[in-house]
Amino acid sequence: MRRLLVTGAAGFIGSNFVQYWLEAHRDDHVVALDVLTYAGNLSSLDPVLKNSKLKFVKMDILEGERVRALMEREQIDTIVHFAAESHVDRSIHGPDPFLETNIRGTHELLKAAKTVWLTGGGSGPYQFHHISTDEVFGTLAADAPAFTEETSYAPNSPYAATKAASDHLVRAYHHTYGLPVTTSNCSNNYGPYQFPEKLIPLAIVRALEGKPIPVYGDGLQSRDWLYVRDHCRGIDRILEKGRVGETYNLGGGAERKNIDVIKMLCSKFNAMFQSDAGLRSRFPRCPAADGGDTASLITFVRDRPGHDRRYAVDAMKATLETGYGPAESFETGLGKTIVWYIANEPWWRSVMDGSYKEWMKQHYSG
Ligand code: NAD
Ligand code: DAU
C-alpha cells in the first residue's frame, strides 16, 4: 500500500491521474496538492472528492517548509510531481512564473523529500517520480529518428528550458544524495479536463461555438499524441517496475501534423452533427449544425516564435522494462475526447473565466 503525494493534482494530467489511481489502487492513500492557478480546477477532481482515500490540500510547492510538514504528517512514501506552468505560449509571453514553479518549486519539493526520507528515520521504500516532457529534446528534422532517453537535451522554449532544468535537479539529487527518483519524458497529451488553451480542447470548444480555429504558421508541425489515460497507466508501470535513477520516454506512437489533427477533428464534428439533432440545436453556431463544413473555421495565424517543427518519441525502453503500451489509438482517443467535451459543457464554460478571456484576447488579436 502506498501513500502518495500528487502535485498539480487539479490540473489536466494530475486530475486524470488521481482519478485513475483511486480506481486502480483502492487501498492507497492519495494527498492531492495544488495551488489552483488559472490552470488548476478543483472541479476536475469532482468525481473523487468524496472518496475517503483522497485528501485535497491547497498548497504552493514553493512553500517547501509546509510541504515538508505535510509529507511528515501524511507519512508520504511516493511523490508524483506534475505541478508546473505548462503552456509554451505563456512561457514566451512571460517566462518568470515558469522559472519559479518549474525550477525553484521542483527544488523545494526535492529538498522536502530529502529531509523527510533520507534523514527522517523512516524505512521506506520511497519514490519521487518526476513528470517531464519530450520538449526538453528540442526539435527533430523530418527524417530523424524519434527521441530516445539518450538524445541530448536542447530545449528551445522558456517552458522547455525550465523543464530541462528541473530534470537535471532531479537527476542531481539522485546522484549526489541518493534520493530514489524516476523521471518520465512524455509527448503531447490530450483527453478530458485539458484546459482549452491547448490545441485540441481549444479547437473543440471553438468549433462548438463556431469561432475560428487558429492554426500556427503552415500547420505542418507534428506532435506525437498520447491519450491522457494511457499516460497515467504508463506512470503506474514506471512506479511499479521502473529502475531508480532511470528516465523513461512515454509516447503514443501517433505522430500527426497539426493541420491533420484539426482536419480529423472537423470531420468527426461533421459526422456527429449530421446524425444528432440534439447537437445541432445545442450548438447552432457550429457550421456543421446547418450542414456546413466545420473545417471552414480553420484559420492560419502568425506562427509561434521559435516553434519546434517536430517531436516523436521512442518509448521502447518503457515498453521493454515496464510493459508500457498505449491502449488508445489517436482516432479512438480523439473521438472520446470530443464526446467528453460535449458532455461536460459546464466544466469548460466554468474554466473559461475572465483571465482566460483576457489571455485569448491578447494572444489571438490580429
Ligand atoms: P496543467 O497546466 O494543466 O496543470 C498544472 C497544475 O499545476 C495546475 O493545476 C496548477 O494549479 C498546478 N500548479 C502550478 N504551479 C503550482 C505551484 N507552484 N504549486 C502547486 N501547484 C501548482 O498541466 P498538465 O498539462 O496537466 O501538465 C502536468 C505536468 O505534465 C507538467 O509538469 C507538464 O510539464 C508535464 N507534461 C505535460 C504534457 C501535456 O501534453 N500536457 C506532456 C508531457 C509532460
Ligand atoms: O510535447 C509535450 C508538450 O505538449 C507538453 O510538455 C506541454 O506542457 C504541452 O502544452 C504540449 O506543448 P505543445 O506546445 O506541443 O502543445 P499545444 O497544444 O500548445 O500546441 C500543439 C501544437 O499546435 C503546437 O505545434 C502549436 C500548435 N498550435 C497550438 C495552439 C494553442 C496551433 O497551431 N494553434 C493553437 O492555437
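Helices and strands are DSSP runs, numbered from the N terminus, with at least four residues (H or I) for a helix and at least two (E) for a strand; a residue is near a molecule if one of its heavy atoms lies within 4 Å of it. The views below show a predicted model.

**View 1. The shell around ligand 2.** The shell around ligand 2 holds 23 residues, of which D134, Y159, R304, H307 and Y364 come nearest. By residue class, the shell divides into ten nonpolar, seven polar and six charged. Strand β8 gives the most to this shell, with three residues.

**View 2. Polar pairs between the protein and ligand 2.** Three pairs are picked out, each with an oxygen atom of ligand 2 on one side. On the protein side, a polar side-chain atom of Y159 lies 2.6 Å from an oxygen atom of the ligand. For Y216, a backbone N or O atom takes this place, at 2.8 Å from an oxygen atom of ligand 2. In the case of K198, an N or O atom in the side chain is 3.5 Å from an oxygen atom of the ligand. On its own, ligand 2 has 680 Å² of accessible area, and the protein covers 95% of that area. Two elements, α6 (199-208) and β8 (213-216), give two or more residues to the shell around ligand 2.

**View 3. H130 in strand β5.** H130 is found in β5, which spans residues 127-133. The relative accessible area of H130 is 1%, so H130 is buried. The side chain of H130 is joined to that of S166 by a polar contact of 3.2 Å. Once neighbours within four places in sequence are left aside, H130 is in contact with H81, T106, K163, S166, D167, V170, T182, T183 and S184. S166 thus appears both in this contact list and as the partner in the polar contact with H130.

**View 4. Cysteines without a disulfide.** The structure holds zero disulfides. C186 is in no disulfide, and the nearest cysteine sulfur, that of C232, is 9.4 Å away. A disulfide needs a pair of cysteine sulfur atoms within 2.5 Å, so this cut-off is not met at C186. C186 is buried, with 4% relative accessible area. For C266, also in no disulfide, the nearest cysteine sulfur belongs to C286 and is 8.2 Å away. C266 has a relative accessible area of 1% and is buried.

**View 5. The cis peptide bond from G124 to P125.** The peptide bond from G124 to P125 is cis, and its omega is near 0°. P125 is found in the loop between α4 (96-118) and β5.

**View 6. Positive phi at Q75 and Y193.** Q75 is a residue other than glycine with a positive phi, near 50°. The place of Q75 is in the loop between α2 (64-73) and β4 (78-81). With a relative accessible area of 56%, Q75 is exposed. Y193 is likewise a residue other than glycine, and its phi has a positive value near 70°. The loop that holds Y193 lies between β7 (188-190) and α6. In contrast to the exposed Q75, Y193 counts as buried, at 10% relative accessibility.

Definitions and conventions. Residues are numbered from 1 along each chain as its sequence is written. Chains are lettered from A and ligands numbered from 1 in the order in which they are written. This is a predicted model: local features need pLDDT of at least 70, side-chain atom pairs count only at pLDDT 80 or more; totals for chains, interfaces and linings use all residues. Side-chain values use heavy atoms; hydrogens and water are left out. Buried means under 20% relative accessible area, exposed over 50%, partly exposed in between (1.4 Å probe, protein chains only). A polar contact is a pair of N or O atoms within 3.5 Å; within protein, one must be able to donate a hydrogen and the other to accept it, and residues adjacent in sequence count only if both atoms are side-chain atoms. Accessible areas come from the Shrake-Rupley method with a 1.4 Å probe; for residues, only the protein chains shown count as cover. Ala, Val, Leu, Ile, Met, Phe, Trp, Tyr, Cys and Pro count as nonpolar, Asp, Glu, Lys and Arg as charged, and the others, Gly among them, as polar. Contact means heavy atoms within 4.5 Å.
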